[in-house]
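Biologist: Could you walk me through this model, one question at a time? I am new to reading structures, so plain answers would help.

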Amino acid sequence: MGSLLTPELLANIGRKAPPQLELVTRKDIRKYAIATGQRLRKYLDGDEAPPMFYLALFWPVPEPEQRSPDGVAIDPLLPEFPLKRAMAGGLKIAYHRTIRPGDVLVANRTLTNIWQKDGSSGPLIFYEIVMSVENGRGEPVVTETTTRILR
Amino acid sequence: MSEMARPDIDTLAAGQALPTREFRPDTIQLFLYNAALWNAHKIHFDYPYARDAEGYPGLVMAGPLLGDWLHQCVVEWLGEHGRLVEIEYSNRRAAFIGDTLRSTGRILAVDRERGQVSIEVAILNQNDEVLAPGTAVASLRRD
């Protein structure tokens, strides 16, 4: 099986999305806590954010033309891949600091890798995105590494 | 396999189980979760689309919600005695509205010197199929 990864495609490794700055509110924490079925009072009251709250905080808010017909936000960080069907991927998340209401956080996303493996049913393309979340003092809050598989 | 009530770094041992929790997600929870994220993926709220266009047997649970339940398995067990340092997981199979899911956890290793434990976590469905396997690292305080 030949490589699907052209030099033009691989040149996208290292591409960065514009920094995203968000304010953490107690109400948003409470909404997230109730929606996810949290049972600890500190989360339900919004005194502290559940660890994975950062995901909702930095989920994209696309305008209509930035959505695909199935309702999914089109990620401008990603190039056009020769394989389209997304399979299950994985997440690795490191938690450095607790998120609380009033925090102002900045997320920086980088496309850190693209690679190919040849599976039994054909080629697979993998890509990796690292999102680093920092607080206003530049201290790390969350580091998320996402791997997605296309076939 | 014994199940612990609260974590104590000096008595933990590999193989011990964390408390399990059952989840019976409904359409209201799925709606609220996707609203909290601003996630408009139609497989989560448009049943004819999910069935006819994507071939799913029902409305699909959001993958990161299962991920959050893996977090809760560890965080609720820790309480105020420690904190989640790191977690790694993948969504291997889909879950659907109507499924009965459960979270499980099991101690893999204890590092008393560093005060850390590594834990195998998973979300399973009513057929005991593993939907979302993962591993977590937690840091424990000595009270």
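**A walk through the two chains**

Modeller: Happily! Reading chain A from the N terminus, the elements run α-β-α-α-α-β-β-β-β. Keep in mind that this is a predicted model.

Biologist: How many helices and strands does chain A have?

Modeller: You can count them along the order α-β-α-α-α-β-β-β-β. The α signs stand for the four helices, and the β signs give the number of strands, which is five.

Biologist: What box do the C-alpha atoms of chain A fill, and what percentage of its residues count as buried?

Modeller: Taken along the principal axes, the box is roughly 55 × 30 × 30 Å. Chain A has 151 residues, and the part that counts as buried is 21%.

Biologist: Now the strands. What is the order of the strands in the open sheet?

Modeller: The sheet is open, has 10 strands and is paired in an antiparallel way. The edge strands, each pairing on one side only, are strand 1 of chain A and strand 1 (17–23) of chain B. From one strand to the next, the twist averages 20°. Written out, the order is 1(A)-3(A)-4(A)-5(A)-2(A)-2(B)-5(B)-4(B)-3(B)-1(B).

Biologist: How many bridges join strand 2 of chain A to strand 2 of chain B?

Modeller: In the sheet order, 2(A) is written beside 2(B). One residue pair here is Gly90(A) with its bridge partner Ser90(B). The two strands run antiparallel, and the number of bridges that join them is five.

Biologist: Within chain A, how many bridges join strand 3 to strand 4?

Modeller: A hairpin joins these strands through two residues. Asp118(A) has Pro123(A) of strand 4 as its bridge partner. Strand 3 and strand 4 of chain A run antiparallel, and their bridges number 13.

Biologist: Which residue of strand 3 of chain A is the bridge partner of Leu23(A)?

Modeller: Start at strand 1 (residues 20–23) of chain A, which four bridges join to strand 3 (residues 104–119). These two strands run antiparallel. The partner of Leu23(A) in strand 3 is Val104(A).

Biologist: And in chain B, which residue of strand 5 is the bridge partner of Glu120(B)?

Modeller: Strand 4 (residues 116–124) and strand 5 (residues 130–140) of chain B run antiparallel and are joined by nine bridges. In strand 5, the partner of Glu120(B) is Thr135(B).

Biologist: Let's look at where the chains meet. Which element gives the largest share of the side of chain A that touches chain B?

Modeller: In total, 28 residues of chain A are in contact with 27 residues of chain B. Helix 2 (26–35), helix 4 (53–57) and strand 2 (86–95) of chain A each give two or more residues to that side of chain A. Its residues divide into 17 nonpolar, six polar and five charged. The largest share, eight residues, comes from strand 2 of chain A.

Biologist: At what angle do the axes of helix 2 of chain A and helix 1 of chain B cross?

Modeller: On one side, the contact is made by Lys31(A), Tyr32(A), Ile34(A) and Ala35(A), and on the other by Gln29(B), Leu32(B), Tyr33(B) and Ala36(B). These residues divide into six nonpolar, one polar and one charged. The crossing is left-handed. The axes come within 8 Å and cross at roughly 145°.

Biologist: Which residues of helix 2 of chain A are buried?

Modeller: The buried residues of this helix pack against helix 3 (41–44) and helix 4 of chain A, together with helix 1 (27–37) of chain B. After the helix comes Gly37(A), with a positive phi near 75°. The buried ones are Ile29(A), Tyr32(A), Ala33(A) and Ala35(A).

Biologist: Last one. Which element gives the largest share of the largest nonpolar core?

Modeller: This core has 60 residues, and those touching the most other members include Phe53(A), Tyr54(A), Leu66(B) and Ala138(B). Ala138(B) touches residues such as Val74(B) and Leu78(B). The element you want lies across strands of both chains, including strand 2 of chain A, and runs at about 155° to strand 2 of chain B. With nine residues in the core, the element is helix 3 (residues 63–78) of chain B.

Methods: Residues numbered from 1 in each chain as written. Chains lettered and ligands numbered in written order. Predicted model: local features only at pLDDT ≥ 70, side-chain atom pairs only at ≥ 80, totals over all residues. Contact = placed C-beta atoms within 7 Å. Nonpolar A, V, L, I, M, F, W, Y, C, P; charged D, E, K, R; others polar. Pairing = 2+ DSSP bridges. Buried ≥ 20, exposed ≤ 12 C-beta atoms within 10 Å, placed from the backbone. Core = buried A, V, L, I, M, F, W, Y, C linked by C-beta atoms within 7 Å. Axes fitted to C-alpha atoms, helices over the stretch in contact; angles between N-to-C directions. Left-handed = near helix turned anticlockwise from the far one by under 90°. Lists of a residue's contacts leave out its neighbours within four places in sequence.
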